[in-house]
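Reader: I would love a close look at one part of this protein, with enough of the surroundings to see how that part fits in. Could you walk me through it?

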Amino acid sequence: MLSVTKASYAEFRDGSPDAFWDIYMGNIEEAILRAPDTERIAAFLDGELVASVLLCRKPLKGADPEIRLLAVLPHVRGRGIARQLMDECELRVSRMGKTRVVLHSTHLMSIARQWYERSGYVRFEAIDSCPVPGFLVTGFAKGLSSSPTHGDI
C-alpha cells in the first residue's frame with residue numbers, strides 16, 4: 001500500500017513546500033504501517049495492487065471516522081476504482097452506526113476536491129489544519145444514511 005500511495009501522490013510533490021512534503025511523507029508511512037484503529041482497504045486489478053485507502057475510526061481531529069490517503073495509480077484512473085473504495089468506506093462507516101464521515105484535502109488536489117464535492121462532501125472547517133505555516137489542509141464531511149444498502153466489494 002505504501003508504494004501505491006507514494007506513486008499516486010508523487011504528482012503533488014512539485015507544488016508542495018519542502019517542509020510540508022517531508023512531514024507528509026512521514027505521516028503517510030506512519031498511517032499506512034502503524035495507525036491504530038485503521039482499516040486498510042486495497043483494490044487489485046489482474047492481480048496487481050492498484051489502489052488503496054485508509055478508514056480511520058479515530059480521526060486526526062474531531063470525532064467522526066475519517067477516510068485517508070485514497071490513492072489510485074495513474075495508469076488505472078478513470079475506471080471507477082476510487083468510487084468503489086469510497087463507497088466501501090462509507091458503507092463501513094454506516095455499519096459502525098455513524099452518520100458522518102470526514103476527509104482532508106489540499107489546494108494541490110483540485111481534481112480530487114471537485115470529485116469529493118460532486119460525491120456529496122462539503123467543506124467542514126472545524127477539522128482544518130495547518131501542518132506548516134501557510135499550508136492549509138482543508139476538511140470535508142458527508143452525512144450518511146443510517147441504513148446501508150450497498151453490497152460488499
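Author: Happily! Let us begin at the turn of a hairpin. Strand 1 and strand 2 form this hairpin, with two residues between them. In the turn, Asp-46 has a positive phi of about 50 degrees. Please keep in mind throughout that this is a predicted model.

From the turn, follow the two strands. Strand 1 and strand 2 run antiparallel, and eight bridges join them. One pairing to look for on screen is that of Ala-42, whose bridge partner in strand 2 is Ser-52. Strand 2 also pairs with strand 3: these two run antiparallel as well, with five bridges between them. Here you can pick out Leu-54, whose bridge partner in strand 3 is Arg-68. Strand 2 is thus joined to strand 1 and also to strand 3. How much of strand 2 is covered? Seven of its nine residues are buried, so "mostly covered" is a fair description.

Now turn to helix 2, which has strand 1 and strand 2 among its neighbours. Helix 2 takes in residues 18-34, 17 residues in total, and reaches 24 Å from its first C-alpha to its last. That is close to the 24 Å expected at 1.5 Å a residue. Its buried residues are Phe-20, Trp-21, Tyr-24, Met-25, Ile-28, Ala-31 and Ile-32. Why do these residues lie on the same side of helix 2? They cover an arc of only 135 degrees around the axis, and that puts them on one side. The spacing fits a general rule: an α-helix has 3.6 residues a turn, so residues three or four places apart point the same way. The cover over the buried residues of helix 2 includes strand 1 (38-45) and strand 2 (48-56), the two arms of our hairpin. It also includes helix 1 (2-9), strand 3 (66-72), strand 6 (129-132) and strand 7 (135-143).

Back at the hairpin, there is a charged contact to examine. Side chains of opposite charge can pair when their charged atoms come close. The side chains of Arg-57 and Glu-39 do meet in a salt bridge, at 2.8 Å from N to O. This pair links distant parts of the chain, since Arg-57 is in the loop between strand 2 and strand 3 while Glu-39 is in strand 1, 18 residues apart. The two partners differ in exposure: Arg-57 is partly exposed, with a relative accessible area of 41%, whereas Glu-39, at 17%, counts as buried because the cut-off is under 20%.

Two further salt bridges are worth a look. The side chains of Asp-87 and Arg-83 meet at 2.9 Å, N to O. Both residues lie in helix 3 (residues 81-95), four residues apart, about one turn of the helix. Asp-87 is partly exposed, with a relative accessible area of 25%, and Arg-83 is partly exposed with a value of 25%. Elsewhere, Asp-128 forms a salt bridge with Arg-123, with the closest N and O atoms 2.8 Å apart. Asp-128 counts as buried at 14% relative accessibility, while Arg-123, at 28%, counts as partly exposed. Salt bridges that share partners also join Glu-39, Arg-57, Glu-88 and Arg-92 into one network. The full count comes to 12 salt bridges.

Helix 3 offers one more residue to click on, Val-93. At 0% relative accessibility, Val-93 counts as buried. Leaving aside residues up to four places away in sequence, Val-93 touches Leu-55, Pro-65, Lys-98, Arg-100, Val-101 and Leu-144. The C-alpha atoms of Val-93 and Arg-113, on the other hand, are separated by 20 Å, and these two residues are 20 residues apart along the chain.

Finally, let us step back to the whole protein. There are four helices and seven strands, and their order along the sequence is α-α-β-β-β-α-β-α-β-β-β. The C-alpha atoms fill a box of roughly 45 × 40 × 30 Å along the principal axes. The radius of gyration is 15 Å, which agrees with the value near 15 Å for a compact globule of 153 residues. Buried residues make up 47% of the 153 residues. Among contacts between residues at least 6 apart in sequence, 59% join residues at least 24 apart.

Key. Residues are numbered from 1 along each chain as its sequence is written. This is a predicted model: local features need pLDDT of at least 70, side-chain atom pairs count only at pLDDT 80 or more; totals for chains, interfaces and linings use all residues. Side-chain values use heavy atoms; hydrogens and water are left out. The expected span of a helix is 1.5 Å times one less than its number of residues. Buried means under 20% relative accessible area, exposed over 50%, partly exposed in between (1.4 Å probe, protein chains only). The arc is that of the directions from the helix axis to the C-beta atoms. Contact means heavy atoms within 4.5 Å. Two strands pair if DSSP finds at least two bridges between them. A salt bridge is a side-chain nitrogen of Lys or Arg within 4 Å of a carboxyl oxygen of Asp or Glu. The radius of gyration is taken over C-alpha atoms; the globule rule is 2.2 Å times the number of residues to the power 0.38.
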